[in-house]
Every structure is written in C-alpha cells, then in structure tokens.
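User: I should like to learn how to read the packing of a protein model. May we work through one case together?

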Amino acid sequence: MATEEPFHGPGPGEPAGALRLVDLTMRYGDVTAVDRLDLTVPAGSFFALLGPSGCGKTSTLRMVAGLAEPTGGRILLDDEDITRLRPYRRPVNTVFQNYALFPHLDVFENVAFGLRRRRQPDVAGQVRRMLSLVALDGYERQRPSQLSGGQQQRVALARALVNRPRVLLLDEPLGALDLALRRRMQLELKRLRAEVGGTFVHVTHDQEEAMTLADTVAVMNAGRIEQLGTPAELYEFPATAFVATFLGRSNLLAGRVYGRDGDDLLVQAYGRRFSVPSARARADSGEVLLGVRPEKVRLVDTPEQVPAGHQWLDGTVGEVGYLGVSTEYSVRTGAGVELSVFAAADGEAPRIPPGTPVVAHWHPRHAFLLHGGSTFRDAGTAAPPPVPPPPVPLSAGPE
Ligand SMILES: Nc1ncnc2c1ncn2[C@@H]1O[C@H](COP(=O)(O)OP(=O)(O)O)[C@@H](O)[C@H]1O
Ligand SMILES: [Mg+2]
C-alpha cells in the first residue's frame, strides 16, 4: 500500500481544464438567470464565482455540468465544444451543497460509484488512496447518516475527485457547515487542489471564502460578470460600485469630475474638492463615485493634524462597533455624508466615544473613482450615496 503512487488528477500531458463560456444564457420563462455570460477560466486555476443569492451561479454551473441546457451560447472545454454533450460524457464533476451522497451505500461504495460505472481497474486501490487524501481512512464501511457534516462533505469531494475530472465544480460546498469547520475545510480544499491538480470552479456568496481560496475571482451580479481578477486586484481597484460594496466595504462619495491636474482627476463632492490619481479611475468625466475603503481612512482631532497630501472631511463620531480586531466608527460628516472608518485594534489608540468631533482623512492614492449616476447598482449591503448638495464655497483639505 505505502509504495503506491499518490492519487492525482489529470495526468501530465493530459488537457488541463481550460473552460470558456461564450455568450452563455439561461432563461426560465421571463427570468433571465444567466445573461450572455462571457467567461474564461484558466486551466489549473482555483476559480471562484462570487455573487449574491439569485445572481445565476448555480444555473451557470448546471449548464457546465450538463444538468441544464442553455437557452443560448456555448461552453468550451480545452477548446472542445461540450455544449450539447451528455453530462456523463463530460470530464467534469460536481460537488453540491447538500452533498447528494447515496444514503444506502457506505462510504467506500459512494466513492467507488463513478469508477465502477466506467469499469475502471483497481477500484479498491483508487478509493483507498482517495479516502486517505481526504483523511477518511477507516471510514469505508460507515453509512453517510453515521458521519458528521464535515465528513460527509469530504466523502462528496472524494467521490468527485476520484474520477480525476478536468474541472471540479463546487456549488457552495461548505454552506451547510459551521464557521470553524468551514475555515478548516477551506484549507483542506486548497491543499487538495494543490495535490490533485485540474481546475476548480468554486461557487460562493461568501466574499471571504472566495478571497481565501481562489487565485481568480469573478464577481457575478444579475446574470453577468461585473469584474474578474485576483482577489487583490478586485479589492484594491474595484470596477463597479457593486464590486466595491460586495467585496469588502467601501465609502462611496457621489461627485462630479471638474478638471484635471497633471496625473490627477479633480472631483467635487459635497461641496468639497478632492483628487484621485487617474490610474485609479474607471471614469474621467461626469458623475462619479469617489471610493475609499474604511481601513484606509484615519481619524484625528483637528484639521491641523491631517498629514500633508491627505484629504479630509470633518464630522462627529456616531455609532461605534467593536469588532475585536478593529473598531468601526461611523462618522457623520458636516458635508452630509456618513463615512465608515475601521481602526485597527493595535492596543495603542484609545477608543473614541460617540459624539466626539473628528477629522477623517485619507491619501488620494488610496481612493478610486467609479462611474456614478445611473450606473450605480446597489449590492444590497450599502445604501446608495445621497445626491450631492449644490456646491458651496470650497474648503478643501490641505493640498
Ligand atoms: N428551475 C428554475 N425555474 C425558474 N427559475 C429559476 C430556476 N432556477 C433558478 N431560477 C431563478 O434564476 C435566478 C438565478 O438562480 P440561481 O442560478 O439558482 O442563482 P444562485 O445560485 O446565484 O443563487 C433566480 O432568480 C432564480 O429564482
Ligand atoms: Mg445557488
């Protein structure tokens, strides 16, 4: 046993699982669940499809797996069109949120199922190696009902991976687990992906899970992809207000571009003037949203304490939320917009009580600029920014 080669996914030289969705559409009656989706999943990536409930994630996966027929568009796997291929002919396996294990079969037979159906040699050896990989040695004869949620989840993974799929589809596979177990399984998934290779497409509505696991994240909203990139790219420079508020939190100030100064765009918002480097701008004219992440905003007592080159708004501390690793302040600014500020709990800065006058400041390089006006789409987690009041005499931060 010990001398056997370890389990692996697609072998060297085998196609690696590059997935391409072209103009993919799924309609149910008048509901367009997936709306002319174009998406490229690089071979061998751990890819996350992230979006709120109802945005079309499961519908997309079901079409890739062959469990639902697209209304339009094509699915290519390693450049082969698999749009009309029967599900069992596709080198694709799916792990569902509810595991969908066979209750009347024991662990061994659940994992062996696909191998037996395809009349593979050495079923016992392959199943044992796979069970060892998901740390379930010794559980071969248990029924699913005798296992914990985490163990059932690992059986479901083993059952899919034993077929060495070029693409493993994971539909909210950790959704039913409690938080601690979910964190542990996330690490397990990362380890598994590194060991077996192939492409993992992981669907989740949990932004933290997507960012922890994936090397590439596609943010999906209302049947379309809003942005695709590495977790850091999405977080540091979101493309839309939806991404800015669904992936982490953002302060979004509604304003208007009024000019340019060298490499900076000049923005007027709430009667104040701000600047944003043009390299950090998705829009360079008209109505815009000036975004800044809550952890990039600092609080001081007076405008004199604002560091040179920073921009600021003054206000009063409203709600204070204790989050353990940080404290969240809601600052009601004189300009009429509320800012969210995260202060790291480094044990140095004293907690600021509600009602304290403060000055919130940030460096322009931490700001980003998005299309504003009618293109703003609410992520469901943040209220749309209020319409800016008419310009008043300017009182910009120290330039
Ligand atoms: N079989 C179905 N019949 C009718 N509408 C459906 C069906 N499946 C999904 N929908 C609708 O399609 C949209 C996308 O659903 P789904 O793909 O399950 O989203 P997600 O997995 O992101 O939560 C939702 O509005 C949902 O109500
Ligand atoms: Mg779903």
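Analyst: Let us begin with one helix in this predicted model. The buried residues of α2 pack against α3 (123-133) and α4.

User: Which residues of helix α2 (residues 107-117) are buried?

Analyst: The general idea comes first. An α-helix has 3.6 residues a turn, so residues three or four places apart point the same way. In this case, V107, N110, V111 and A112 are the buried residues of α2. Just after α2, R119 has a positive phi of about 50 degrees.

User: How should I read the sheet, and what is its strand order?

Analyst: One reads across the strands and then looks for the edges. Here the sheet is open, with six strands in the order β6-β7-β8-β3-β9-β10 and mixed pairing. Its edge strands, β6 (92-95) and β10 (224-229), each pair on one side only. From one strand to the next, the twist averages 20 degrees.

User: How many bridges join strand β7 to strand β8?

Analyst: Five bridges link β7 (residues 167-171) and β8 (residues 199-204), and the two strands run parallel. As one pairing to locate in the view, L169 has V201 in β8 as its bridge partner.

User: Which helices pack on these strands?

Analyst: Helix α1 packs on the sheet and touches β3 (46-50), β6, β7, β8 and β9 (216-221). The direction of α1 makes about 150 degrees with that of β7. Helix α4 lies across β6 and β7, and runs at about 175 degrees to β6.

User: What does α4 give to the largest nonpolar core?

Analyst: Helix α4 (residues 149-161) gives six residues, the most to this core. The core has 99 residues, of which A158, L290 and A360 touch the most other members. Leaving aside neighbours within four places in sequence, A360 is in contact with V297, L299, W312, L313, G315, V331, L339 and V341. Across the protein, 40% of the 399 residues count as buried.

User: Which residues surround ligand 1?

Analyst: A shell is read by its members, then by the elements and classes they come from. Ligand 1 is surrounded by Y28, V31, A33, G51, S53, G54, C55, G56, K57, T58 and S59. Two elements, β2 (31-41) and α1 (57-65), give two or more residues to the shell. The largest share, three residues, comes from α1, the helix that also packs on the sheet. By class, the shell has four nonpolar, six polar and one charged residues.

Technical notes
Residues numbered from 1 in each chain as written. Chains lettered and ligands numbered in written order. Predicted model: local features only at pLDDT ≥ 70, side-chain atom pairs only at ≥ 80, totals over all residues. Core = buried A, V, L, I, M, F, W, Y, C linked by C-beta atoms within 7 Å. Buried ≥ 20, exposed ≤ 12 C-beta atoms within 10 Å, placed from the backbone. Helix = DSSP H or I, 4+ residues; strand = E, 2+ residues; numbered from the N terminus. Contact = placed C-beta atoms within 7 Å. Near = placed C-beta within 6 Å. Nonpolar A, V, L, I, M, F, W, Y, C, P; charged D, E, K, R; others polar. Pairing = 2+ DSSP bridges. Axes fitted to C-alpha atoms, helices over the stretch in contact; angles between N-to-C directions.
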